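Work through the exercises below with the sequence and coordinates open. Try each task before reading its solution.

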Amino acid sequence: MRLASRTDIEAPAAGLYAALTNLDWLQDSARAAAVRLRRTDQGHGLVVGASWHSTLLWRGRERNAECTVERIEAPRSVRLGCRSGAYFCTIDLTLAPLSRKLTRMAVVVEVKPLSVRARLMLQTLRIGKSRLQARLDRRVEAAGRVLMKRTRAD
C-alpha cells in the first residue's frame, strides 16, 4: 500500500534539510511522542546505513521496529527503510525548492507485507485508505508548520 502527501513550506530548502536531518532534535521529538529510540550501529550523524531500534505503544500493544537510512541525496531527499513484524515500510522525504523561500516537502510511505497474514491485514486497511490518507495529509501539514518555525528560529 502506498500513501503520498506534500506540503509547501515558506523556508529555503537548505534550512529545511538541516532541520530534517538534525538527529538531536529528531530524537527529542520522538521521545516527546513516547517513542524509545536506540542507535544500533556504531556511526555518528545521519549517514547511509545508520540504524535505530524503536519501541512505541500503538493500539494498546508495544511495537518494535528496526529503521535504517537507505539513501541520502543532500540537500534533496532521504529514504528510510523500516521493518516491523511482518511488514516492511519505506519512507521517502523529498524537498523541492519552488523559489528561494518556498520549498515543497513530499512524503511517500509504502508498506509491503512479508507474510500472507500481513497481506490480508493490508487488504482490510485499503478499505479505509481515504482515512489513512487524510491522517497522513494532516501530519505532513503539521510537520511542515513545525519545520517552518524551526528554520526561522535557527
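**Exercise 1. Classify R71 and its charged partners by exposure, then trace their salt bridges.**

Step 1. R71 has a relative accessible area of 29%, so R71 is partly exposed (buried is under 20%, exposed over 50%, partly exposed in between; 1.4 Å probe, protein chains only). E73 is partly exposed too, at 39% relative accessibility. D92 is buried, at 12%.

Step 2. Apply the salt-bridge rule: a side-chain nitrogen of Lys or Arg within 4 Å of a carboxyl oxygen of Asp or Glu. R71 and E73 satisfy it, at 3.4 Å from N to O. R71 also pairs with D92, with the closest N and O atoms 3.5 Å apart.

Step 3. Place the second pair. R71 sits in strand β4 (residues 61–73) and D92 in strand β6 (residues 87–97), so the bridge ties together parts 21 residues apart in sequence. Helices (H or I, at least four residues) and strands (E, at least two) are DSSP runs, numbered from the N terminus.

Step 4. Extend the set. Through shared partners, salt bridges join R71, E73, R79 and D92 into one network.

**Exercise 2. Find the salt bridge within helix α2, and judge the confidence there.**

Step 1. The count of salt bridges comes to 8. One of them links D28 and R31, with the closest N and O atoms 3.3 Å apart.

Step 2. Both residues lie in helix α2, 3 residues apart, about one turn of the helix. D28 is partly exposed, with a relative accessible area of 47%.

Step 3. Check pLDDT, the predictor's confidence in each residue from 0 to 100. This is a predicted model: local features need pLDDT of at least 70, side-chain atom pairs count only at 80 or more, and totals for chains, interfaces and linings use all residues. Residues are numbered from 1 along each chain as its sequence is written, and side-chain values use heavy atoms, leaving out hydrogens and water. Helix α2 (residues 23–32) has the lowest mean pLDDT among the elements, 87, while strand β7 (residues 103–113) has the highest, 97. The chain mean is 92, and 99% of residues reach 70 or more.

**Exercise 3. Which residues touch the most other members of the largest nonpolar core?**

Step 1. Define the core: buried Ala, Val, Leu, Ile, Met, Phe, Trp, Tyr and Cys residues joined through side-chain atoms within 4.5 Å.

Step 2. The largest core has 23 residues; I9, L16, L95, M105 and L147 touch the most other members. Elements that each supply at least two core residues include β1 (2–9), α1 (13–20) and α4 (129–153).

Step 3. List contacts of I9 (heavy atoms within 4.5 Å). Not counting residues up to four places away in sequence, I9 touches L16, K101, L102, T103, M105, G144 and M148.

Note on methods
Contact = heavy atoms within 4.5 Å.
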